[in-house]
Amino acid sequence: DFKNNNKESNYFAQIEHCWGWATWADRWKKFNFIIKNHEELDYQDVFKNTEAREYWRNIFSKMDPNQNHVWDYQWTYEILKNKGLCINSSKNLISNIGFTGTHYTDAINDVNLNRPIFEIDEIIHPKEIKLNEKAVEHIYSQVFGIEKKSIIRKILNKALLILKKLK
């Protein structure tokens, strides 16, 4: 759950939480299982976080158009491509109690399984419809395991790449 300092019940992000969500029919019409021309997405503009940029570029490039067994990455791509925002709850409102009969293979390790659920006493919306960058960083870290690397870590990684090329 994202601890929203402003006590707002929800926040705006580029990424939806596919564990309990809804959309509008006109938005869903844009959905396509096949991600075409993902390189046309302005990754630099969409992602301020370098690690998130590379994570999503890698995910979208691996989407096989002949394997339609997932939908959430494609939906995320459509949201990003259309510069959409998702309104996400600051508290978890649902609990996924199991994965029996699904294609999901890493269920035992999933942080979304059997999460506690919370009530929303009073609905307090954000004052502005704008991306909550702090919440987005939280999603990257807690949901996708994407951590911002320090400048020192980036320099060390670059040096290691150069050393490998020299060998």
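This note goes through the predicted model point by point, from overall layout to single residues.

1. **Overall layout.** The protein has 6 helices and 2 strands. Along the sequence they run β-α-α-α-α-β-α-α. Of the 167 residues, 31% are buried. Contacts between residues at least 6 apart in sequence are dominated by long separations: 76% of them join residues at least 24 apart.

2. **Helix 3 against helix 4.** Helix 3 covers residues 50-62, and helix 4 covers residues 72-81. Their axes come within 10 Å and cross at roughly 120°. An angle from 65 to 115 degrees would count as roughly perpendicular, and one over 145 as roughly antiparallel. The pair is therefore classed as oblique. The crossing is left-handed.

3. **Who makes that contact.** Helix 3 contributes Tyr55, Trp56, Ile59 and Phe60. Helix 4 contributes Tyr73, Thr76, Tyr77 and Leu80. By class, the contact has 7 nonpolar residues, 1 polar residue and no charged ones. On spacing, an α-helix has 3.6 residues a turn, so residues three or four places apart point the same way.

4. **Burial of helix 4.** How many residues of helix 4 are buried? The count is 7 of 10, so this helix is mostly covered. The buried residues are Gln74, Trp75, Thr76, Tyr77, Glu78, Ile79 and Leu80. Thr76, Tyr77 and Leu80 are also among the residues that meet helix 3. The cover is not from helix 3 alone: it includes helix 1 (25-28), helix 2 (43-46) and strand 2 (86-89) as well.

5. **Asn32, a loop residue beside helix 4.** Asn32 sits in the loop between helix 1 and helix 2. Its relative accessibility is 31%, so it counts as partly exposed. Leaving aside residues up to four places away in sequence, Asn32 touches Gln74 and Glu78. Both of these partners are on the list of buried residues in helix 4. The C-alpha atoms of Asn32 and Gln74 are separated by 6.7 Å, although the two residues are 42 apart along the chain. The side chain of Asn32 also has a polar atom 2.9 Å from the backbone nitrogen of Ile34.

6. **Positive phi values.** Two residues deserve a look at the backbone. Asn37 has a positive phi, near 55°, and is not a glycine. Asn37 lies in the loop between helix 1 and helix 2, where Asn32 is also found. Lys83 likewise has a positive phi near 55° in a residue other than glycine. Lys83 follows helix 4 and belongs to the loop between helix 4 and strand 2. With 60% relative accessibility, Lys83 counts as exposed.

7. **Asn132 and the start of helix 5.** Asn132 is in the loop between strand 2 and helix 5 (133-142). Is Asn132 buried or exposed? The cut-off for buried is under 20% relative accessible area. At 19%, Asn132 therefore counts as buried. At the start of helix 5, a side-chain oxygen of Asn132 comes to within 3.2 Å of the backbone nitrogen of Lys134. The backbone nitrogen of Ala135 lies 3.0 Å from a polar atom of the Asn132 side chain. The Asn132 side chain thus has two backbone nitrogens to check in the viewer, those of Lys134 and Ala135.

8. **Burial of helix 5.** Which residues of helix 5 are buried? They are Ala135, Val136, Ile139, Tyr140 and Ser141. Strand 1 (10-13), helix 3 and strand 2 are included in what covers them. Helix 3 and strand 2 also appear in the cover of helix 4.

9. **Phe118.** Phe118 is in the loop between strand 2 and helix 5, as is Asn132. At 38% relative accessibility, Phe118 counts as partly exposed. The C-alpha atoms of Phe118 and Ser95 are 9.8 Å apart, with their positions 23 residues apart along the chain.

Methods
Residues are numbered from 1 along each chain as its sequence is written. This is a predicted model: local features need pLDDT of at least 70, side-chain atom pairs count only at pLDDT 80 or more; totals for chains, interfaces and linings use all residues. Side-chain values use heavy atoms; hydrogens and water are left out. Axes are lines fitted to C-alpha atoms, for helices over the stretch in contact, and angles run from 0 to 180 degrees between N-to-C directions. Helices (H or I, at least four residues) and strands (E, at least two) are DSSP runs, numbered from the N terminus. Angles under 35 degrees count as roughly parallel, over 145 as roughly antiparallel, 65 to 115 as roughly perpendicular and the rest as oblique. A crossing is left-handed if the near helix is turned anticlockwise from the far one by less than a right angle, and right-handed if clockwise. Contact means heavy atoms within 4.5 Å. Ala, Val, Leu, Ile, Met, Phe, Trp, Tyr, Cys and Pro count as nonpolar, Asp, Glu, Lys and Arg as charged, and the others, Gly among them, as polar. Buried means under 20% relative accessible area, exposed over 50%, partly exposed in between (1.4 Å probe, protein chains only). A polar contact is a pair of N or O atoms within 3.5 Å; within protein, one must be able to donate a hydrogen and the other to accept it, and residues adjacent in sequence count only if both atoms are side-chain atoms.
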